[in-house]
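Please examine the sequence and the three-dimensional model shown below. The paragraphs that follow lead through the fold step by step.

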Amino acid sequence: MVNKLEQSSQPQFEAEAYKTKLINKYVASPITAEVLDVILNANRDKPTEIEVHYNCVVSRLDDMIRTYDFLKNQVTFFETKYFNDGLCTKAVYQSEALAEAINQILGGSYSIDHKIEADQMVFVLRLEPYRAF
């Protein structure tokens, strides 16, 4: 017999496993390499901010904005997958998994936050400060 605590945790476990699978897929993906080629400058300097939307990735570095547009590059838009057992629902955003994959590839030097823009979840990577006043 499964108790309610274990049962309500099932969507969480399934969601985390799915998200980990996505992150690993995106780290190894040639499309992620394309994204990085577009959003990084010629010196491959780390952008100060990266936004991962459902339909594009945008970076800011040295007052320059660079965008990898999924439609232009014929890449499918990101979707959200829900895990639900009737008691608990857990959402996994493909855009969040890409944000975590980019952070991993770039050495883990970003904090990841989120915001909502036009009813869509946007994941924002901000370069962690390394200098103190």
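Which residue of strand 7 does Tyr110 stand opposite? The model is a predicted one, and in it Tyr110 stands opposite Leu127 of strand 7. This pair of residues belongs to a wider arrangement, which is described next.

Strand 6 and strand 7 run antiparallel and are joined by eight bridges. On its other side, strand 7 meets strand 1, as the order of the sheet shows. Strand 1 comprises residues 49-52, and four bridges join it to strand 7, again in an antiparallel manner. Two facing positions may be located here: Glu51 stands opposite Val124, and Val52 stands opposite Phe123. The complete sheet is open and has five strands, in the order 3-2-1-7-6, with antiparallel pairing. Strand 3 and strand 6 are its edge strands, since each of them pairs on one side only. From one strand to the next, the twist averages 20°.

The turns between strands deserve separate attention. In the hairpin of strand 6 and strand 7, two residues lie between the strands, and Ala118 takes a positive phi near 50°. Asp119 is found in the loop between strand 6 (110-117) and strand 7 (120-127). Asp119 also has a positive phi, near 65°, although this residue is not a glycine. Is Asp119 buried or exposed? Its relative accessibility is 75%, and a residue over 50% is classed as exposed, so Asp119 counts as exposed. A second aspartate can be described in a similar way. Asp62 is placed in the loop between strand 2 (56-61) and strand 3 (64-69). Its phi is positive, at about 50°, and Asp62 is not a glycine. With a relative accessibility of 59%, Asp62 counts as exposed.

Helices accompany the sheet. Helix 2, residues 30-39, lies across strand 1, strand 2 and strand 3, and runs at about 155° to strand 3. Helix 3 lies across strand 1, strand 2, strand 6 and strand 7, and runs at about 10° to strand 7.

Helix 3 may be examined in greater detail. It covers residues 94-105, which is 12 residues, and reaches 16 Å from its first C-alpha to its last. That span is close to the 16 Å expected at 1.5 Å a residue. How many of the 12 residues of helix 3 are buried? Nine of them are buried, so helix 3 is largely enclosed by the rest of the structure. Among the buried residues are Gln94, Ser95 and Glu96 near the beginning of the list, together with Leu98 and Ile102. A general rule of helix geometry is useful when one inspects such a list: an α-helix has 3.6 residues a turn, so residues three or four places apart point the same way. After helix 3 comes Gly107, whose phi is positive, near 90°.

The aromatic residues provide another way to follow the chain. The structure holds six aromatic pairs. In one of these, the ring centres of Tyr26 and Phe78 are 5.8 Å apart and the ring planes stand at 45°, so the pair is tilted. Which parts of the chain does this pair tie together? Tyr26 lies in helix 1 (residues 4-28), while Phe78 lies in the loop between strand 3 and strand 4 (80-84), so the pair ties together parts that are 52 residues apart in sequence. Tyr26 has a relative accessibility of 8% and therefore counts as buried. Phe78, at 14%, also counts as buried. Phe78 takes part in a further pair, with Phe70: the ring centres are 5.1 Å apart and the planes are at 85°, so this pair is edge-to-face. Both Phe70 and Phe78 are buried. Ring pairs link Tyr26, Tyr68, Phe70 and Phe78 into a cluster.

Finally, the cysteines may be considered. Cys56 has a relative accessibility of 12% and therefore counts as buried, whereas Cys88, at 23%, counts as partly exposed. How many disulfides does the model contain? A disulfide requires two cysteine sulfur atoms within 2.5 Å, and by this rule the count is zero.

Technical notes:
Residues numbered from 1 in each chain as written. Predicted model: local features only at pLDDT ≥ 70, side-chain atom pairs only at ≥ 80, totals over all residues. Heavy atoms only, no water. Expected span 1.5 Å × (residues − 1). Buried < 20%, exposed > 50% of the residue type's maximum accessible area, 1.4 Å probe, protein only. Pairing = 2+ DSSP bridges. Axes fitted to C-alpha atoms, helices over the stretch in contact; angles between N-to-C directions. Contact = heavy atoms within 4.5 Å. Phe/Tyr/Trp six-rings, centres within 6.5 Å; stacked < 30°, edge-to-face > 60°.
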